[in-house]
Amino acid sequence: MRSLLFVPGDSERKLEKGFGAGADVVIVDLEDSVAGANKVAARAVAAGFISDKRHRTGPTAYVRVNDLSTGLTDDDLAALVPAKPDGIMLPKSNSGQDVQQLAAKLRVHEAENGLPDGAIKILPIITETAAGVLAAASYAGTSARLAGLTWGAEDLSAAIGARAARDGNGRYTDMFRLARTMTILAAGAAEVAAIDTVFPDFRDMASFETECREAERDGFTGKMAIHPAQVPVINVAFTPSAEAVERSRAIVDAFAAAGNPGVVGIDGKMYDRPHLRLAERLLARAKASGTSA
């Protein structure tokens with residue numbers, strides 16, 4: 001998952017545009033972008049659109065349901081699981097226990113709709129509450145459905161009373177850098193993908209490109225988008241370059257040729273096992289993105 005595009009679930013026009021934007025994943029949103037009065041209608045629109053066979057060969061389809069504290073999650077799942085989405089995004093996840101609770105609900109709905117157990121994956125947003133940030137380490141081993149971990153700043157601002165998530169230079173303040181860092185570490189501990197949060201100002205493409213490059217540098221493997229114009233930028237930033245693929249392949253081949261020792265030398269430079277693991281991860285990302293590896 002490199003690019004994950006949010007699309008309001010109550011607009012067929014926006015869904016049509018979103019599914020054609022080139023994103024790896026389209027997140028059909030039933031939460032923040034849908035007013036309370038439109039929740040029921042949005043479920044019907046989203047379910048009809050996802051189940052349409054025209055979109056089964058397109059991008060992966062996830063649904064952002066309303067969080068577990070709202071009392072709306074069960075109705076969301078009842079309406080959307082029959083449409084066979086690939087995954088569920090869980091907002092305001094407070095800990096790995098929330099993932100387990102959602103997994104139990106999905107198991108029932110899958111059985112009722114003749115779907116294989118575990119067919120629908122889970123992508124939780126883990127930093128939208130103070131409790132969620134503090135419980136970041138709790139996701140390891142929670143569920144085989146766990147597809148990755150991502151984070152958000154706006155809801156956390158409201159939860160802790162922060163007037164802004166960024167400083168005057170557009171950089172995250174310490175509180176939000178902590179939430180971002182915890183997401184990367186938690187994903188590493190759980191051995192799943194780390195997905196970076198949205199960049200709200202879709203007109204500031206220069207800053208957006210910079211943020212994408214920094215996210216990839218720090219260990220994120222994908223980023224969420226709020227506008228179709230952001231998708232190509234994300235795809236480029238999170239697709240390993242030909243040079244990086246070639247270098248990683250050389251490292252992997254050198255270890256294999258030497259019988260997988262603790263360290264190898266390539267062109268006068270020493271590479272140890274952590275370098276091998278990093279190279280293997282990059283090659284896996286390249287393969288997933290369709291880049292020759």
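Six elements each put at least two residues into the lining of the largest pocket: α7 (174-190), β7 (193-196), α8 (205-218), α10 (242-257), β10 (269-272) and α11 (273-288). Of the elements, α11 gives the most, with nine residues. Keep in mind that this is a predicted model. Below is a quick tour of its pockets, its overall build and a few residues to look up.

**The largest pocket**

- This pocket has a volume of about 940 Å³.
- Its lining is made of 32 residues. If you want to find the middle, look for G219, T221, R281, L282 and R285, which lie nearest the centre.
- Sorted by class, the lining of the largest pocket comes to 16 nonpolar, six polar and ten charged residues.
- Helix α11 spans 273-288, and its nine lining residues make α11 the top contributor here.

**The second largest pocket**

- Next comes a pocket with a volume of about 470 Å³.
- There are 25 residues around the second largest pocket, and F6, V7, P8, S33 and I226 are the closest to its centre.
- Strand β1 (3-8) and the helices α1 (12-19) and α6 (154-160) are the elements that give two or more residues to this lining.
- By class, you get eleven nonpolar, five polar and nine charged residues in the lining of the second largest pocket.

**The chain as a whole**

- The protein chain has eleven helices and ten strands.
- Its radius of gyration is 20 Å, close to the 19 Å that the globule rule gives for 293 residues, so the chain is as compact as a globular protein of that length.
- Taken along the principal axes, the C-alpha atoms fill a box of roughly 65 × 50 × 35 Å.
- Of the 293 residues in the chain, 47% are buried.
- Look at contacts between residues at least 6 apart in sequence: 69% of them join residues at least 24 apart.
- About 13700 Å² of the chain is exposed, and carbon and sulfur atoms supply 53% of that area.

**F19, in helix α1**

- You'll find F19 in helix α1, one of the elements that help line the second largest pocket.
- With a relative accessibility of 10%, F19 falls under the 20% cut-off, so it counts as buried.
- F19 and V7 are twelve residues apart along the chain, and their C-alpha atoms are separated by 8.7 Å. V7 is also among the residues closest to the centre of the second largest pocket.

**Two loop residues with a positive phi**

- As background, most residues other than glycine have a negative phi.
- K92 has a positive phi, near 50°, and it isn't a glycine. You can spot K92 in the loop between β4 (87-90) and α4 (96-112).
- K92 has a relative accessible area of 21%, so it is partly exposed.
- D267 also has a positive phi, near 55°, again in a residue other than glycine. D267 sits in the loop between β9 (263-266) and β10.
- The relative accessibility of D267 is 80%, so D267 counts as exposed.
- On the β10 side of that loop, β10 (269-272) is one of the elements that supply at least two residues to the lining of the largest pocket.

Methods:
Residues are numbered from 1 along each chain as its sequence is written. This is a predicted model: local features need pLDDT of at least 70, side-chain atom pairs count only at pLDDT 80 or more; totals for chains, interfaces and linings use all residues. Side-chain values use heavy atoms; hydrogens and water are left out. On a 1 Å grid over the protein atoms alone, a cavity is a set of points where a 1.4 Å probe fits but cannot get out, and a pocket is an open set with protein on both sides within 12 Å along at least five of seven lines; lining residues have an atom within 4 Å of a point. Grid points are joined across faces, edges and corners, and a volume is the space filled by probe spheres set on the points. Helices (H or I, at least four residues) and strands (E, at least two) are DSSP runs, numbered from the N terminus. Ala, Val, Leu, Ile, Met, Phe, Trp, Tyr, Cys and Pro count as nonpolar, Asp, Glu, Lys and Arg as charged, and the others, Gly among them, as polar. The radius of gyration is taken over C-alpha atoms; the globule rule is 2.2 Å times the number of residues to the power 0.38. Buried means under 20% relative accessible area, exposed over 50%, partly exposed in between (1.4 Å probe, protein chains only). Contact means heavy atoms within 4.5 Å. Accessible areas come from the Shrake-Rupley method with a 1.4 Å probe; for residues, only the protein chains shown count as cover.
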